[in-house]
Amino acid sequence: MEKYLSLAYLNLPTMKEPEIKIYHSWEVVNHETVIKNCDKSFFKYKGSGIPFEVLDYFNAKNFLAGQKREIMLKFNGHSYNAYIINNRSFRVQIRWFSNLGKIFSDLYPDTQHRPYPKLKFTKIQDNIFNLSFIPSESEIVQTESIDTDFNSETNEKEQQRYIKKLRKSRKTKEQLLNLLSKRQNQQDRTETYKGIRNKRDNESIAIIKYLRKFKCQLCGKSILKRDGTYYVEAAHIDPKCDKGKETLENILLLCPNHHKEFDLGKREIIYRDNHSLILKINGETFKISLIV
């Protein structure tokens, strides 16, 4: 199987590499995406100052002293009111209210000593922005090592039990997709291991493996085991620590080598929607279909 899937197959235009520009704690990726490097004051004051060079992105370059505009921030499927304001000291800021501030603080409670995450803004409309956190490198390593070292064998055994049931059930592809869709509302459970963390839905992962025929979505390979079954690993695009779910849009099936490279390598999402993903890992670009 070819490593690079055709762009024509995904019906996507050919895209140039984005030239990221850095202004203080902000990174301008393109006219649709900017990234804020969070710090202690970001969590404490529920907002951030916006450098002059980034004001165009928020349509705030000509703000007068005292001028304020309401905006909408979308995070994890919910909408939150926020605003952009020139605070009369000729400093433009983006601010949000306590409801969203509490969610951010709950996700990152130790703002004194931790490595800080990045917050990505994706413009949907002029006044509507989608938010997603990009964990620090140490968080990615820590989260994935806990999952693989402590729980991967347990997860694999549980998934294999579900896969055996799927084989016996002889369900059609449409029935499996239906079942997967219904399970999305059951994926907010937690488990305790050195604290509370979000629990994987192994039944949904088993269905996804079955539907995608146990093949790595980067190289097309799978591992044939001695018992005649196939082995492939599941990786979350949005990590489990950020409540990423076990859905076709958020789960990648990877061989062990590509899974480790995905977890530990330099990773960048160039393009993503519910049907396709363009992913760059250690300088190598992969174009992946997320549909079955």
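Helices (H or I, at least four residues) and strands (E, at least two) are DSSP runs, numbered from the N terminus. Residues are numbered from 1 along each chain as its sequence is written. This is a predicted model, in which local features need pLDDT of at least 70, side-chain atom pairs count only at pLDDT 80 or more, and totals for chains, interfaces and linings use all residues, while side-chain values use heavy atoms, with hydrogens and water left out.

**Stop 1: the whole chain**

Start with everything shown as a cartoon. The protein chain has seven helices and 18 strands. Of its 292 residues, 42% are buried, where buried means under 20% relative accessible area, exposed over 50%, and partly exposed in between (1.4 Å probe, protein chains only). Contacts here are heavy atoms within 4.5 Å; of those in the protein chain with a separation of 6 or more, 56% join residues 24 or more positions apart.

Now colour by pLDDT, the predictor's confidence in each residue, from 0 to 100. The protein chain averages 82, and 80% of the residues score at least 70. Select residues 1–10: pLDDT stays under 50 there, and the model has 21 contacts beyond four places in sequence for them. Residues 190–196 also have a pLDDT below 50, with eleven contacts in the model beyond near neighbours in sequence.

**Stop 2: the nine-stranded sheet**

Next, select the open sheet with the order β1-β2-β3-β8-β9-β5-β6-β7-β4, whose pairing is mixed. Strands count as paired if DSSP finds at least two bridges between them. At the edges you will find β1 (21–23) and β4 (47–49), each pairing on one side only. From one strand to the next, the twist averages 25°; axes are lines fitted to C-alpha atoms, for helices over the stretch in contact, and angles run from 0 to 180 degrees between N-to-C directions.

Zoom in on β5 and β9, which run parallel and are joined by four bridges. Phe75 has Leu131 in β9 as its bridge partner.

Then move to edge strand β4 and pick Gly47, which lies in it. Is Gly47 buried or exposed? Gly47 is buried, with a relative accessible area of 7%. Leaving aside residues up to four places away in sequence, Gly47 touches Ser41, Phe42, Ile94, Arg95 and Trp96. Try a distance label too: the C-alpha atoms of Gly47 and Tyr83 are separated by 9.6 Å, although these residues are 36 apart along the chain.

**Stop 3: helix α3 and the core**

Keep the sheet visible and add α3. This helix lies across β5, β6, β7, β8 and β9, running at about 40° to β5. Which residues of α3 (residues 98–107) are buried? They are Leu100, Gly101 and Phe104. These residues cover an arc of only 100° around the axis, taken from the directions from the helix axis to the C-beta atoms, and this puts them on the same side of α3. Turn to the other side of α3 and you will see Lys102 and Asp106, which are exposed. The buried residues of α3 pack against α2 (40–44), β5 (68–75), β6 (78–86), β7 (92–96), β8 (118–125) and β9 (128–134).

Show side chains for the largest nonpolar core, which has 30 residues; Ile50, Phe58, Leu73, Ile84, Phe104 and Phe121 have the most contacts inside it. Such a core is a set of buried Ala, Val, Leu, Ile, Met, Phe, Trp, Tyr and Cys residues joined through side-chain atoms within 4.5 Å. At least two of its residues come from each of β2 (26–28), α2, β5, β6, β7, α3, β8 and β9. Centre on Ile50 to see its contacts with Trp26, Leu55, Phe58, Ile84, Val92, Gln93 and Ile94, not counting residues up to four places away in sequence.

**Stop 4: the three-stranded sheet**

Finally, select the open sheet of three strands in the order β16-β17-β18, with antiparallel pairing. β16 (267–272) and β18 (284–289) stand at the edges with a single partner strand each, so one side of each has no neighbour in the sheet. Neighbouring strands are turned by 20° against each other on average, direction ignored. Helix α7 (residues 256–264) packs on this sheet and touches β16, β17 and β18, its direction making about 80° with that of β17.

Five bridges join β16 to the antiparallel β17 (residues 276–281), and Glu268 stands opposite Lys280 in β17. On the β18 side, β17 pairs in the antiparallel sense over six bridges, with Leu277 opposite Ile288. β17 and β18 form a hairpin with two residues between them, and Asn282 in the turn has a positive phi of about 50°. End on β18: five of its six residues are buried, so this strand is largely enclosed by the rest of the structure.
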